[in-house]
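This briefing sets out the main features of the structure shown below, arranged by topic. Please read it alongside the sequence and the coordinates.

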Amino acid sequence: MESKEERKPKTLYHYCSTETFLSIMSSQSIWLSDVGKSNDKKEMSVLRKYFYDYIYNKMLSLSSGIEKECCRFLLATVKSDGFDKSTDILNREDLAKQFIDRYKQTRAYCFCLSEQKDSLGQWRGYADNGNGISIGFSRKYIERLNTRSVFCPVSNFHLWSVSYNNQPKDLDEICKIIYDTTEKDAPPRFLINVLDKLFYFSTIVKDKSFKEEKEWRVIFESNDSYAKKELLDFSLFSKVADENYHAWFEIPQFKYTTRIDDIVSHIEVGIKDMRSAINSIIIGPKSKLTEMDIKILLISKGIIDNMKDKSILIKKSEASYR
C-alpha cells in the first residue's frame, strides 16, 4: 500500500504565457499574484457562504451563553458579506463593520500549479491559448517554502492542494475544524480568529466545476491594516523563516506591475537552485518555440550546462489542439 507521501505528485506544473516563462527563467523566481485581482468573481466565495450557514445552524442549536453570543456577533458582522437570513442576531452593525472592513483588507497571494502536465483545458485557459509553456516544478523543492505557522502574520508561505469536494459533509468537516479550533471566550476575539482562518481556508476551496485542473497553490497572506515598510520589505522574515527555507529560496520581495488603470502587487520569491527546482518544460501545442530554443535559453541563464545536459526534460506538447 502506498504511503500518503507516495500518493502525492512528484511534479507540479505551472501553465503560463511565453512572456511569463521568460520572466521566470530570467529572474529565477516565482510570482505569487493577488487573488483579489483575478478575473474569477467566485474566487474564495464557496466556503465563506457555506460557513455562514454553518454558524447560523450552530447558533440555533445553542441555548444560551458566551458561545451563542460569539456566533451571533459573527453573523451580525457578515451581513455585509452576503449573509441575509432573518434572525435575532446581535444588532451592532456599527461595531461589526470595523471587523468586516479589517477582513476585507486581507489579501491572498498565490502561485498556481497543477498535477496535469499536458492539459488541453489549461493550455487554453492559462497558457495563451496553447502558445505558452508548462513548467514542471519538483513538489519536494516547492514544499521547502512552507514556513512555521499557517496563521503567522509575518511568515506564512504554504503549499496546499485545492479541494473541490463541495459536498456538505466535506465542507462541514472544514467548518468544524475552523470552529472547533477557535476559542469562544469573547465575541470580538472569536470573530477575528475565525475570519482569519476562514480567509485562509477559502483560498484552497474551489467550485467543483474546476476539479479537472487538480490545482495546488503556494499561498501567502497579508493584511493591509498591518502594512509597514519593514513588513513589506520582509525585514523580519529572517527571524521566522526556518533554515530549510533559507537554503533553497531568497528573501521574498513585494513588487508591482500596471494593468491599464490599475497597479497590481505581487510577491517574488527567488529560487537558489533552479536546476533542482524544475525537472521539465513542455512547449505549448501552438507555440513556435523549439526544444533547441529552450535549451539555448537555459544555458544562457546558467540553469543547464550544455546541449547534452538532460537534467531538465524539454519536449513539445502532445495535446491535440485545433
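Two residues are in contact when heavy atoms of theirs lie within 4.5 Å. Among contacts in the protein between residues at least 6 apart in sequence, those joining residues at least 24 apart make up 75%. The model is a predicted one. Its secondary structure comprises 14 helices and ten strands, and 48% of the 322 residues count as buried.

**Helix H9**

- Helix H9 covers residues 187–202, 16 residues in total. From its first C-alpha to its last it reaches 22 Å, close to the 22 Å expected at 1.5 Å a residue.
- Twelve of the 16 residues of H9 are buried, so the helix is largely enclosed by the rest of the structure.
- The buried residues of H9 include the hydrophobic side chains Phe190, Leu191, Val194, Leu195, Leu198, Phe199 and Phe201. Asp196 and Lys197 are also among the buried residues of this helix.

**Packing of H4 against H9**

- Helix H4, residues 66–77, packs on H9 at an angle of about 60°, and the two axes are 9 Å apart.
- Angles from 35 to under 65 degrees fall in the oblique class, and H4 and H9 are therefore oblique to each other.
- The crossing of these two helices, H4 and H9, is right-handed. On the H4 side the contact is made by Ile66, Glu69, Cys70, Cys71, Phe73, Leu74 and Thr77. H9 contributes Pro187, Pro188, Phe190, Leu191 and Val194.
- Of these H9 contact residues, Pro187, Phe190, Leu191 and Val194 also appear among the buried residues of the helix.

**Packing of H2 against H14**

- Helix H2 and helix H14, the latter formed by residues 291–300, pack at an angle of about 30°, with their axes 9 Å apart.
- Because angles under 35 degrees count as roughly parallel, H2 and H14 are assigned to that class.
- H2 passes H14 in a right-handed crossing. The contact involves Phe21, Leu22 and Met25 of H2, together with Ile294, Leu297 and Leu298 of H14.

**Strand S3 and its partners**

- Strand S3, residues 106–114, is mostly covered, with seven of its nine residues buried.
- Strand S2, residues 29–34, is joined to S3 by two bridges, and the two strands run antiparallel. Asp34 stands opposite Tyr109 in S3.
- S3 is also joined to strand S6, residues 215–223, by nine bridges, again in an antiparallel arrangement. Cys110 has Ile219 of S6 as its bridge partner.

**Ser222 in strand S6**

- Ser222 lies in strand S6. Its relative accessible area is 19%, and because buried means under 20%, Ser222 is classed as buried.
- Leaving aside residues up to four places away in sequence, Ser222 touches Gln105, Thr106, Arg107, Tyr109 and Phe254.
- Tyr109 thus takes part in two of the relations described here: Tyr109 stands opposite Asp34, and Tyr109 is touched by Ser222.

**Loop residues with positive phi**

- Gln28 has a positive phi of about 50° although it is not a glycine. Gln28 is located in the loop between helix H2, residues 18–27, and strand S2.
- Asp128, likewise not a glycine, has a positive phi of about 55°. Asp128 is placed in the loop between helix H6 (120–126) and strand S4 (133–138).
- With a relative accessible area of 46%, Asp128 is partly exposed.

Terms used
Residues numbered from 1 in each chain as written. Predicted model: local features only at pLDDT ≥ 70, side-chain atom pairs only at ≥ 80, totals over all residues. Heavy atoms only, no water. Helix = DSSP H or I, 4+ residues; strand = E, 2+ residues; numbered from the N terminus. Expected span 1.5 Å × (residues − 1). Buried < 20%, exposed > 50% of the residue type's maximum accessible area, 1.4 Å probe, protein only. Pairing = 2+ DSSP bridges. Axes fitted to C-alpha atoms, helices over the stretch in contact; angles between N-to-C directions. Parallel < 35°, antiparallel > 145°, perpendicular 65-115°, else oblique. Left-handed = near helix turned anticlockwise from the far one by under 90°.
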